[in-house]
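Reader: Can you put the model up? I have some short questions about it.

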Amino acid sequence: MPIINYILWNPSLEAFSLGPLSIRWYSLCWLIGLLAAYLMVRRQYREQKIGDELFEPLFFYCFIGILVGARLGHCLFYQPDYFLSSGSHVVEMLLPIHFTPDGSWRFTGYEGLASHGGTLGLIVALWLYVRRTKLSIWRVLDNIAIATPVTACFIRLGNLMNSEIIGKITDVPWAFIFQRVDAMPRHPGQLYEAIAYALLLIIGWAAYRRWPQRVGTGFFFGLCLTYIFTARFFIEYTKDIQEAFEAGMPLNMGQLLSIPFIVIGVACMMRSKKLSGEAKG
């Protein structure tokens, strides 16, 4: 099929500039996703009569947990041979800088964030949050899970704007040619994930409006984990490998890391079903 029939993709990395400060699409998508989740959870807390003083620290815990977890996840799951090879590389893992061969450094931002690590970081952050606030961990997990898909959706849109996490070469009519990468038509894996997460957002919010009493049982947390990482598992088949070591693996790293989360998600939904049955009995 001629290249003209595919989607040519090469947007500017920058959304806009404020004087010397340039705002990238990726950063903007992260902020929009986090803001949307913040507003959703604030509404849920107010509907559930949870005080604002218990809500206010939540954003800080979530932001730090996701950022630290996603960064460490990428470095340790995908590039441990680089980031654990020297002290300067360990510093690069923790700070958004890169050391050059002459010993100087430059600011790069965090180039490399892994969603599996971000999920683990978020869970740890929420555990610390409930220790401070004394709220039910299951109520907090369920509330966050209802809002998580909107953030996940915007992060993948940010990946799309960055032309990263690209798909395998294909001839489907909706293929993207990521001109910053090469001239080959590829699956837009980032867009597949963004659409999947947008659908989960609709499903989860509709379920919450219909069954608000399920908040606190682990149902929404289990639904979120099961849906997201099952979708991720299958969408990975359309993606190109991210690191060379994945080339000979029957399942890539993203798929292997998704399996435990799917198991945990199913277990949480079964727990919720058991609790609902006991309540009816």
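Author: What follows covers the sheet, the aromatic pairs, a surface patch and two charges over rings. Note that this is a predicted model.

Reader: Start with the sheet. What is the strand order in the open sheet?

Author: The order is E1-E6-E7, three strands with mixed pairing.

Reader: Which strands stand at the edges?

Author: Strand E1 (7-9) and strand E7 (185-186). Each has a single partner strand, so one side of each has no neighbour in the sheet.

Reader: And how do E6 and E7 pair, in which sense?

Author: In the antiparallel sense, over two bridges; E6 covers residues 176-178. Ile177 has Pro185 in E7 as its bridge partner.

Reader: Switching to aromatics. How many aromatic pairs does the structure hold?

Author: There are 15. One of them is Tyr38 with Phe55, a tilted pair at 5.1 Å centre to centre with 55° between the planes. This pair links distant parts of the chain, as Tyr38 is in helix H1 (residues 25-47) and Phe55 in helix H2, 17 residues apart.

Reader: Is Phe55 buried or exposed?

Author: Phe55 counts as buried because its relative accessibility is 2%, and the cut-off for buried is under 20%.

Reader: What about Trp205 and Tyr208, how are their planes set?

Author: Their planes are at 50° and the ring centres 5.3 Å apart, so that pair is tilted. Both residues lie in helix H7 (residues 189-210), three residues apart, which is about one turn of the helix.

Reader: How do Trp205 and Tyr208 count, buried or exposed?

Author: Trp205 is partly exposed, with 21% relative accessibility. Tyr208 is buried, with a relative accessible area of 3%.

Reader: Back to the pairs. Which residues do ring pairs link into a cluster?

Author: Tyr38, Tyr45, Phe55, Phe59 and Phe63 are linked that way.

Reader: Where is Phe63?

Author: Phe63 is in helix H2, residues 52-77. With 31% relative accessibility, Phe63 counts as partly exposed. Phe63 also belongs to a nonpolar surface patch with Phe59, Phe60, Ile64 and Val68. Together these residues have about 430 Å² of accessible area.

Reader: Last topic. Which ring does the charged end of Arg214 sit over?

Author: The ring of Phe219, at 4.6 Å from its centre.

Reader: And what does Arg271 lie over?

Author: Arg271 lies over the face of Trp138, 4.1 Å from the ring centre.

Note on methods. Residues numbered from 1 in each chain as written. Predicted model: local features only at pLDDT ≥ 70, side-chain atom pairs only at ≥ 80, totals over all residues. Heavy atoms only, no water. Pairing = 2+ DSSP bridges. Helix = DSSP H or I, 4+ residues; strand = E, 2+ residues; numbered from the N terminus. Patch = residues over 30% accessible without salt bridge, like charges linked within 9 Å, V, L, I, M, F, W, Y side chains within 5 Å. Areas by Shrake-Rupley, 256 points an atom, 1.4 Å probe, with all protein chains shown as cover. Salt bridge = Lys/Arg side-chain N within 4 Å of Asp/Glu carboxyl O. Buried < 20%, exposed > 50% of the residue type's maximum accessible area, 1.4 Å probe, protein only. Phe/Tyr/Trp six-rings, centres within 6.5 Å; stacked < 30°, edge-to-face > 60°. Lys NZ or Arg CZ within 6 Å of the ring centre and 35° of its normal.
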